[in-house]
Protein chains: 2
Amino acid sequence: MRKLAIGIDLGGTNIKGGVLDRAGRLLRRDSIETEGERGREHVIGRVVGLIESLAAASGTPRTDFAGVGLGAPGPMSHKAGVIHAAPNLPGWSSVPIRDILAQRTGLKVTLENDANAAAFGEFTAGAGRGVGRMFMMTLGTGVGGGLVIDGRLERGHFDNAGEIGHMILFPNGRPCPCGQRGCFERYASANAVSERFVEALRAGEPSSLTLTAPPPQAPEVLAAAEAGDGLAARVWRETVEALALGCVNVQHLLNPELIVLAGGLIAAGDALLRPLREAFSRATWRIAPDQPRIEPATLGGDAGVIGAAALAFE
Amino acid sequence: MRKLAIGIDLGGTNIKGGVLDRAGRLLRRDSIETEGERGREHVIGRVVGLIESLAAASGTPRTDFAGVGLGAPGPMSHKAGVIHAAPNLPGWSSVPIRDILAQRTGLKVTLENDANAAAFGEFTAGAGRGVGRMFMMTLGTGVGGGLVIDGRLERGHFDNAGEIGHMILFPNGRPCPCGQRGCFERYASANAVSERFVEALRAGEPSSLTLTAPPPQAPEVLAAAEAGDGLAARVWRETVEALALGCVNVQHLLNPELIVLAGGLIAAGDALLRPLREAFSRATWRIAPDQPRIEPATLGGDAGVIGAAALAFE
């Protein structure tokens with residue numbers, strides 16, 4: 001049995017990589033700049049170089065590697081191994097990255113959505129270890145999601161399962177660049193905190209914060225809320241309440257044992273978790289004791305690398 | 001390999017039963033009245049009698065039966081084989097029905113939620129045949145749901161997956177007996193059509209229909225809408241639009257190939273399906289071609305029996 005796998009997390013700013021064993025231990029990690037502005041071929045070369053350096057540094061023969069898992073952003077097809085588009089990587093359109101990397105490294109390659117990879121990482125070695133059914137929400141620029149059922153990553157028929165950020169939570173609500181209205185991520189992402197706060201400021205609502213450039217971000221809104229700013233407190237409370245409703249919907253549709261929260265917004269810690277758990281308890285039904293636990297992710301920036309590598313073992 | 005299974009669909013009015021082969025063919029069916037008012041022991045006796053008569057009439061030795069699947073309403077535990085409560089069956093509280101029936105029939109028994117059983121029936125022999133991932137919504141008194149992933153019924157950690165009727169679609173919306181507000185089934189069930197129409201009548205909105213006893217039901221509201229009644233048309237349109245948003249949320253969270261609609265409301269046929277597909281197309285995102293097909297169930301009242309029997313083969 002091949003005992004190691006390499007995980008790569010391809011982001012717009014950095015390419016992170018690591019070597020995982022079958023026990024879910026990250027034996028080695030590395031991170032390099034993406035240098036995406038230098039074009040697709042350059043970035044592919046950097047990914048290949050990182051894979052080679054991780055494999056070489058592990059001091060283990062190539063035949064000991066089950067393969068490489070690549071987590072990447074943007075619309076993609078896991079089945080076809082193709083990145084359709086990558087908004088933060090210029091020139092990446094319809095790239096058959098799985099086969100390109102396999103050909104250049106001689107290793108089996110698995111392509112995965114980065115939110116799915118991170119969810120599978122938390123399942124493998126983080127907050128979801130030992131849990132059969134978990135849902136992870138990543139609260140960052142948008143809201144991503146990943147779904148593990150019975151110990152397996154569930155991708156859906158079209159490889160897009162878990163896209164909770166575009167669940168419609170407020171019919172006829174805020175417009176979303178995806179073309180819908182009222183998407184969950186327009187209310188529950190880190191960016192949505194900033195956007196909604198700025199809108200209210202522009203509409204003339206009083207606050208201790210002013211409209212700076214760049215505008216106040218989620219951590220500043222939270223700090224203002226904790227310092228007694230009424231507008232900031234309202235925006236934070238509405239964010240938490242939207243998140244709670246999202247958790248209720250995950251509860252009823254998927255009925256997991258655990259919801260894991262990840263992404264920039266969880267830096268808020270108990271200022272997010274405590275009111276969220278309270279709001280969830282108030283919002284959910286009373287007729288069955290099937291409420292999932294809500295816990296923060298524990299792997300931080302390693303989740304994507306660990307999950308991508310773990311998927312390469314599958 | 002045991003080649004036959006018995007499916008039982010225990011309802012408040014009737015107990016339906018049938019014999020299924022492994023090809024998903026319903027070889028024999030029967031239906032008797034539940035006589036629930038005569039108490040739990042009486043009903044259990046009738047279920048046992050129906051199982052025995054189906055087994056005897058099949059002319060096949062008992063050893064040819066893989067077992068019995070029982071679909072039943074109300075909160076229950078598949079894992080424990082216990083019906084916690086059955087609102088339409090007096091005296092049914094914490095009944096270990098799986099073990100009772102197994103002991104009295106000598107057959108292996110599987111207990112399943114009736115919405116799940118019907119979904120698995122449509123997957124086995126109806127609209128979802130050959131589909132790997134489908135979601136079924138049953139639009140009746142409430143809205144039930146069942147979820148098939150990779151050919152298996154997905155029950156969730158707490159046996160409550162697919163409870164889409166209690167997905168919150170309108171935050172702070174209509175109160176639901178479950179304790180939540182804005183539940184999907186308060187907008188998209190057959191009963192919700194009638195309830196919302198009656199509320200508008202009571203509020204004095206003009207209509208060609210009047211407040212009868214019993215009040216106008218979904219078919220009458222639809223008929224009035226088709227005859228040009230403005231209020232009825234609005235209530236029907238809002239129902240269809242809520243359904244479309246529910247389909248969008250299923251698309252993004254579960255990403256199935258197919259959404260199957262069942263239950264009383266689908267008697268409307270194209271008056272439901274055509275505007276629903278249009279509303280779904282308008283409401284869903286533009287950024288990925290991952291829209292599921294939306295199709296009506298094809299098994300009618302047999303879905304529960306077929307699905308329960310098919311689950312007994314599992």
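Two strands pair if DSSP finds at least two bridges between them. I start my notes with that rule, as the first entry leans on it. The model is a predicted one.

**Entry: a sheet in chain A**

I looked up strand β9 (residues 134-139) of chain A and found 6 bridges joining it to strand β10 (residues 143-149) of chain A. The two strands run antiparallel. I picked out one bridge: Leu139(A) has Val143(A) as its partner in β10(A).

I then followed the sheet outwards. It is an open sheet of 5 strands in chain A, with the order β11-β10-β9-β12-β13 and mixed pairing. Its edge strands are β11 (152-153) and β13 (293-296) of chain A, and each of these pairs on one side only.

**Entry: strand β1 of chain A**

Next I turned to strand β1 (residues 4-10) of chain A. Is it buried or exposed? I found that 7 of its 7 residues are buried, so the strand is largely enclosed by the rest of the structure. The cut-off I applied for buried is under 20% relative accessible area.

I checked the two faces of β1(A) separately, and both are covered. Leu4(A), Ile6(A), Ile8(A) and Leu10(A) lie on one side, and all of them are buried. Ala5(A), Gly7(A) and Asp9(A), on the other side, are buried too.

Which strands are joined to β1(A) by bridges? One is strand β4 (residues 65-72) of chain A, which runs parallel to β1(A) and is joined to it by 6 bridges. Here Leu4(A) stands opposite Phe65(A). Another is strand β2 (residues 14-21) of chain A, which runs antiparallel to β1(A), with 7 bridges between them. Ile8(A) has Gly17(A) as its bridge partner in β2(A). I also noted that β1(A) leads into β2(A) by a hairpin of 3 residues.

**Entry: helix α9 of chain B**

I moved to chain B and looked up helix α9 (residues 303-313). Its count is 11 buried residues of 11, so this helix is largely enclosed by the rest of the structure. Among the buried residues I listed Ala303(B), Val305(B), Ile306(B), Leu311(B) and Phe313(B), and the glycines Gly304(B) and Gly307(B) are also included.

**Entry: Trp236 of chain B**

I located Trp236(B) in helix α7 (residues 230-254) of chain B. Its relative accessibility is 8%, so I count Trp236(B) as buried. Which residues does Trp236(B) contact, leaving aside neighbours within four places in sequence? I found Val193(B), Leu222(B), Ala225(B), Leu265(B), Ala268(B), Ala271(B) and Leu272(B). I also took one distance: Trp236(B) and Ala72(B) are 164 residues apart in sequence, and their C-alpha atoms are 30 Å apart in space.

**Entry: cavity search**

How many cavities of 30 Å³ or more does the whole structure hold? My search gave 1. The volume of the largest cavity is about 30 Å³. I read off its lining as Glu154(A) from chain A, with Arg133(B), Leu147(B), Val148(B), Ile149(B), Leu254(B) and Pro256(B) from chain B. Strand β10 (residues 143-149) of chain B gives the most to this lining, with 3 residues. Sorted by class, I have 5 nonpolar and 2 charged residues there, and no polar ones.

**Entry: the two chains**

Last, I superposed chain A on chain B. A rotation of 180 degrees does it, with 0.0 Å of shift along the axis and an RMSD of 0.0 Å. The two copies are therefore related as by a two-fold rotation axis. The same surface serves both copies, as 100% of the contact residues of chain A recur in chain B.

Conventions:
Residues are numbered from 1 along each chain as its sequence is written. Chains are lettered from A and ligands numbered from 1 in the order in which they are written. This is a predicted model: local features need pLDDT of at least 70, side-chain atom pairs count only at pLDDT 80 or more; totals for chains, interfaces and linings use all residues. Side-chain values use heavy atoms; hydrogens and water are left out. On a 1 Å grid over the protein atoms alone, a cavity is a set of points where a 1.4 Å probe fits but cannot get out, and a pocket is an open set with protein on both sides within 12 Å along at least five of seven lines; lining residues have an atom within 4 Å of a point. Grid points are joined across faces, edges and corners, and a volume is the space filled by probe spheres set on the points. Helices (H or I, at least four residues) and strands (E, at least two) are DSSP runs, numbered from the N terminus. Ala, Val, Leu, Ile, Met, Phe, Trp, Tyr, Cys and Pro count as nonpolar, Asp, Glu, Lys and Arg as charged, and the others, Gly among them, as polar. Copies are superposed by least squares on the C-alpha atoms of residues with pLDDT of at least 70 in both. Contact means heavy atoms within 4.5 Å. Buried means under 20% relative accessible area, exposed over 50%, partly exposed in between (1.4 Å probe, protein chains only).
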